[in-house]
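Reader: I'm new to this one, could you walk me through it?
Author: Gladly; let us put it on the screen and begin with contacts between side chains.

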Amino acid sequence: MTFIAILIATFIVMEPVAYLAHRAIMHGAAWVLHASHHRPRETTFEANDLFPIGFALPTIVLFWFATSHPALLPMAIGITLYGVAYSFVHDFYIHQRLGAIPKVRYLEYLKHAHALHHLYNEEPYGMLAPILPARLRPMMELEVVQNWNPSSVKP
């Protein structure tokens with residue numbers, strides 16, 4: 001496989017990895033940290049903000065190993081690019097942590113899917129390509145989902 005093909009494949013594989021991490025870790029043993037994200041934010045930072053640091057550590061180690069095993073470099077870059085895309089969609093677009101961004105149709109779909117997750121604390125756990133179970137699809141049209149305002153810092 002070429003460098004670019006490995007990078008793209010790694011980026012794509014990161015969605016199910018993120019899904020599993022969100023469902024099994026963040027809504028499992030690490031709920032004590034992630035619960036802060038499911039409540040209105042009272043400060044600029046929340047305990048949930050520790051996850052990107054923890055998730056970045058294996059990638060940093062992968063970059064380090066790539067110095068002696070160059071075949072690992074496209075994987076490290078693919079994971080990093082996924083993390084950047086995830087952060088942009090989740091933190092900057094959906095939760096508007098740096099202010100409002102102009103609406104984009106697909107990103108609005110992701111926002112509504114994420115609203116379902118926040119409102120009902122269940123599926124979808126994915127972010128960039130969330131899979132909605134058939135039973136939840138009609139809920140995407142609910143006014144509470146369409147008008148969901150993500151948590152914001154209280155004055």
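Reader: What do the side chains of Glu-123 and Arg-23 form?
Author: In this predicted model, the side chains of Glu-123 and Arg-23 form a salt bridge, at 2.8 Å from N to O (a side-chain nitrogen of Lys or Arg within 4 Å of a carboxyl oxygen of Asp or Glu). Because Glu-123 sits in the loop between α5 (105–120) and α6 (143–146) and Arg-23 in helix α1, the pair ties together parts that are 100 residues apart in sequence; helices here are DSSP runs (H or I) of at least four residues, numbered from the N terminus.

Reader: Is Glu-123 buried or exposed?
Author: Glu-123 counts as buried at 11% relative accessibility, while Arg-23 is partly exposed at 43%; buried means under 20% relative accessible area, exposed over 50%, and partly exposed in between, with a 1.4 Å probe and protein chains only.

Reader: And how many salt bridges does the structure hold?
Author: The structure holds four, including one between Asp-91 and Arg-97 at 4.0 Å, N to O. In that pair Asp-91 is buried at 19%, and Arg-97 is partly exposed at 23%. Another joins Glu-122 and Arg-135 at 2.6 Å, N to O.

Reader: How are Glu-122 and Arg-135 exposed, then?
Author: Glu-122 is partly exposed at 23% relative accessibility, whereas Arg-135 is exposed at 53%.

Reader: Any ground rules for reading these values?
Author: Residues are numbered from 1 along each chain as its sequence is written, and side-chain values use heavy atoms, leaving out hydrogens and water. Local features need pLDDT of at least 70 and side-chain atom pairs count only at pLDDT 80 or more, while totals for chains, interfaces and linings use all residues.

Note on methods. Helix = DSSP H or I, 4+ residues; strand = E, 2+ residues; numbered from the N terminus.
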